[in-house]
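Please open the structure in the viewer and keep the selection panel at hand. The tour proceeds by selection, with a note at each stop on what is to be found there.

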Amino acid sequence: MKNENLYNYILGIADNSLILGQRMGELCGHGPTLETDIACTNISLDLFGQVRSYYQYAAKIAGDDRTEDDIAMLRKEREYKNVLLVEQPNTDFAYTIGRQFLFDVYHLAFLAELQKSNDLTLSAIANKCIKEVSYHERFSSDWVKRLGDGTEESNQKMQAAINDLWTYTDELFHQTEADKAMVAEGVGVDVTQLKEKYYKQVNALLKEANLEIPESKWFQKGGKEGIHTEHLGYLLSDLQYMQRTYPNMEW
C-alpha cells in the first residue's frame with residue numbers, strides 16, 4: 001500500500017459515521033413520533049452517504065482488489081477505527097440524542113477544519129458533508145434542550161444519558177500515529193486543537209438545557225486503536241449479515 005497512514009486516517013474518519021449511521025438506522029420505525037423517526041432515519045442515510053465517499057477513496061489508495069463494500073462490511077471488529085462513543089446502544093431516546101449531540105458538535109468542528117486539508121479529495125468530501133452535519137447538530141442540540149428543559153422525567157433521562165456517555169468524549173481528541181502523520185503533512189486535522197472549543201460549546205448548551213455538566217475526569221478510550229466495547233460485535237453481526245451470507249453483494 002502506497003500510503004498506509006492516509007488509508008488508516010480515512011478509516012478513522014469514516015468508521016465513526018458508518019457505526020453511528022447503523023445505530024441511527026436501528027430507530028427506523030421506532031422513533032417517538034413519525035416526524036422524529038423520519039429525521040433519525042434521514043440522519044442515518046446522510047452518514048452512510050458520507051462513508052461511501054470516504055471508502056471509495058480508501059479503496060483507491062489501497063490499490064488492490066478491495067472495494068468500498070469490502071472495506072465497509074468485511075473487516076473484523078479489531079480493524080474498525082471508530083471511537084467508542086458512536087457504538088453505544090440506543091438505550092432509550094435520551095441516550096440516542098445524547099450520543100448524537102456529543103458526536104455532532106465534534107463532527108461539525110472537525111469537518112470545518114478538514115475543508116482546509118491539502119488533500120483535495122478529503123477537502124471536497126468535507127465541503128460536501130458539512131451542510132448535512134450542520135443540520136444533524138441543530139437537530140440533536142434542539143432535542144437535548146427539549147428533553148433537558150422538559151418534564152421532570154425527561155430531564156432525569158437526559159441527565160442520565162449525558163452522565164453515562166460523558167466518559168467517551170475525550171477519545172474524540174486522542175491522536176493515533178496515522179493522525180499525527182497526516183497532521184504533519186497538512187492533510188489531517190489536529191483534533192487536540194478542537195477540544196477546548198468543544199467542551200465550551202457542549203457545556204454552554206447543557207446549562208441552557210437545565211442539565212448539570214458531569215464532573216467525572218475519568219475517560220474511556222481504545223476504539224481508535226481497534227479495542228472496542230462489547231456492543232460493536234453485536235452491531236457488526238447485523239451490519240455485515242447480508243454481505244457475509246450472500247458474498248459480493250453491492251450497496
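In this predicted model, begin by selecting helix α5, residues 120-148, together with helix α6, residues 152-165. The two axes come within 7 Å and cross at roughly 130°. Because angles over 145 degrees would count as roughly antiparallel and those from 65 to 115 as roughly perpendicular, α5 and α6 are therefore classed as oblique to each other.

Next, display the side chains where the two helices meet. On the α5 side, select Val 144, Arg 146, Leu 147 and Gly 148; on the α6 side, select Ser 154, Asn 155 and Met 158. Sorted by class, this contact of α5 with α6 comprises 3 nonpolar, 3 polar and 1 charged residues.

Remain in helix α5 and select His 136. Is His 136 buried or exposed? With a relative accessible area of 0%, His 136 is buried. To see what surrounds His 136, leave aside its neighbours within four places in sequence and add Ile 43, Asp 46, Leu 47, Gln 50, Gln 100 and Asp 104, with which it is in contact.

Now turn to helix α2, residues 34-62, and select Ala 58. Ala 58 likewise counts as buried, at 0% relative accessibility. Not counting residues up to four places away in sequence, Ala 58 touches Tyr 7, Ile 10 and Ile 71. A distance label is useful at this stop: between the C-alpha atoms of Ala 58 and Leu 11 the separation is 7.5 Å, although these residues lie 47 residues apart along the chain.

The following selection is helix α1, residues 4-25. Its 22 residues reach 31 Å from the first C-alpha to the last, close to the 32 Å expected at 1.5 Å a residue. Centre the view on Ala 14: where α1 is kinked, the kink is about 30° and is centred on this residue. Colouring by accessibility is instructive here, since 17 of the 22 residues of α1 are buried, so the helix is largely enclosed by the rest of the structure.

For the final stop, move to the loop between α8 (195-208) and α9 (230-239) and select Asn 210. What is the phi of Asn 210? The backbone there has a positive phi of about 65°, although Asn 210 is not a glycine.

How values were computed:
Residues are numbered from 1 along each chain as its sequence is written. This is a predicted model: local features need pLDDT of at least 70, side-chain atom pairs count only at pLDDT 80 or more; totals for chains, interfaces and linings use all residues. Side-chain values use heavy atoms; hydrogens and water are left out. Axes are lines fitted to C-alpha atoms, for helices over the stretch in contact, and angles run from 0 to 180 degrees between N-to-C directions. Helices (H or I, at least four residues) and strands (E, at least two) are DSSP runs, numbered from the N terminus. Angles under 35 degrees count as roughly parallel, over 145 as roughly antiparallel, 65 to 115 as roughly perpendicular and the rest as oblique. Contact means heavy atoms within 4.5 Å. Ala, Val, Leu, Ile, Met, Phe, Trp, Tyr, Cys and Pro count as nonpolar, Asp, Glu, Lys and Arg as charged, and the others, Gly among them, as polar. Buried means under 20% relative accessible area, exposed over 50%, partly exposed in between (1.4 Å probe, protein chains only). The expected span of a helix is 1.5 Å times one less than its number of residues. The bend at a residue is the angle between axes fitted to the seven residues ending there and the seven starting there.
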